[in-house]
Amino acid sequence: MTSTTQVGHLGRSLAFGGASPKTLCAFAALCVSSLGLACSASGSRNGQASNGVEETSGTGGGGGANPGSATGTGGDMFDFDGGMMSSGAGGDETCAQTGGKAEPVELDLVILLDRSGSMYGQNWNGATAALKQFVEDPASAGINVGILYFPVDAPPDGLVCNHNHYDDLSVAVGTLPGNAPALVQSINSESPNGGSTPMYGALEGALFHATAYKDAHPSHKVILVFASDGDPNSCPGNQNDIPSIAGLAKAALDYNGVETYVVAINGASVLNLDQIAAAGGTTKSYDITANVSQFAQKMTEIRTKALACEFLVPEPSGDDPLELDKATVKHTNGAGVEQEIPHAKSAADCGVGPGWYYDDPKKPQKILLCPASCQVVQADPDGKLDILFGCKPDIH
């Protein structure tokens, strides 16, 4: 079924459910609310948690113990192995655990950088140096990055807030390090001499591009990094209001999970940008108003946060299909202590406790960590995560 609505003062008609990824209803509040994406929580978690992960204790049924431990075979932050024998969590019956290597999902990053006149000088020099450092950093290899700047200079229609001027990127999303030279050349060719801050139109266009890219690459994680030093202006009606701008970020998140990260540069109203970040699923902005040289560090933090907690379901090794109801996720911290992360039904079932869940219980492509477990994994760069199949998981 296709539903249409008009968007804001631009009068843009959008359709949800069409064949083209550009035909989205992502930014229509009525359309988003009609998707019915909210899930009800299933109640409190009863297991005993330690630092956001659950100890493997075999408490169900006959109380079988789990003497095994996963042994990593390589990788930087996480390892995934198979071939383990373990007693079942529900009794004494022995089950065989086999695991395929589950890779972190591919990350696509769209950068939207303010080039208004107020960015001139230290703000611009610091921001562009940080972005060039990020795309040339060996740790960014494998990430897909594109970039866009706002405002545009002298658009033919005279409307700097027209989202059509921001639908296409200055440098298309491409894989690092191969795309790094084009990104650096683009950054070097830009200058901060724009006359306004049309935040609504720029963010709308960039998010339309990001959500369309996500539609075309459903197994990827797509995020927008929005950096600005000012308050919105030059857009019609209420489009200069922060709640209206934040609504764009929320609509993209609700539509297909595109998150909006925000970097507040000196001159920005941090509380305003916090609202946009919260609506985009990233809690609050990265505040570098006191020191623009922190931009590079914040980009590293964004990379770590975005990459850490989503993994592709591994392909089965052999002729037998994976038994998705017998998946076990285990975290071994830097000290070598192994703990099982319990299986949650969905994101809504996570609550404040540890857990993992499938993106789609019927046809899963990804394994995602609940926020509490995600924080533990992110804070433990020496730890490893194992995803194993063959034994019933701990469930709360």
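This short presentation covers one helix, one sheet and one aromatic pair. Please keep in mind throughout that the model is predicted.

I begin with helix H2, which comprises residues 122-136. Its 15 residues should span 21 Å at 1.5 Å a residue, and the end C-alpha atoms are indeed 21 Å apart, so the expected and the computed span agree. Which residues of H2 are buried? They are Asn123, Trp124, Gly126, Ala127, Thr128, Ala130, Leu131, Phe134 and Val135. These buried residues pack against two strands, E7 (107-114) and E8 (144-150), and against two helices, H3 (180-189) and H7 (295-307).

I turn next to the sheet. It is an open sheet of 3 strands in the order E13-E17-E16, and the pairing is antiparallel. Strand E13 (310-312) and strand E16 (356-358) stand at the edges; each has a single partner strand, so one side of each is left without a neighbour in the sheet. On average, neighbouring strands here are turned by 25° against each other, direction ignored. In general, strands of a sheet pair through backbone hydrogen bonds. Between E13 and strand E17 (residues 366-369), the antiparallel pairing runs over 3 bridges. Within E17, Lys366 stands opposite Leu312.

Finally, I come to the aromatic residues. The structure holds 3 aromatic pairs. One of them joins Trp356 and Tyr358: the ring centres are 5.1 Å apart and the planes lie at 85°, so this pair is edge-to-face. Are these two residues buried or exposed? Trp356 counts as buried because its relative accessibility is 0%. Tyr358, at 6% relative accessibility, also counts as buried, since the cut-off is under 20%.

Note on methods: Residues numbered from 1 in each chain as written. Predicted model: local features only at pLDDT ≥ 70, side-chain atom pairs only at ≥ 80, totals over all residues. Heavy atoms only, no water. Phe/Tyr/Trp six-rings, centres within 6.5 Å; stacked < 30°, edge-to-face > 60°. Buried < 20%, exposed > 50% of the residue type's maximum accessible area, 1.4 Å probe, protein only. Helix = DSSP H or I, 4+ residues; strand = E, 2+ residues; numbered from the N terminus. Expected span 1.5 Å × (residues − 1). Contact = heavy atoms within 4.5 Å. Pairing = 2+ DSSP bridges. Axes fitted to C-alpha atoms, helices over the stretch in contact; angles between N-to-C directions.
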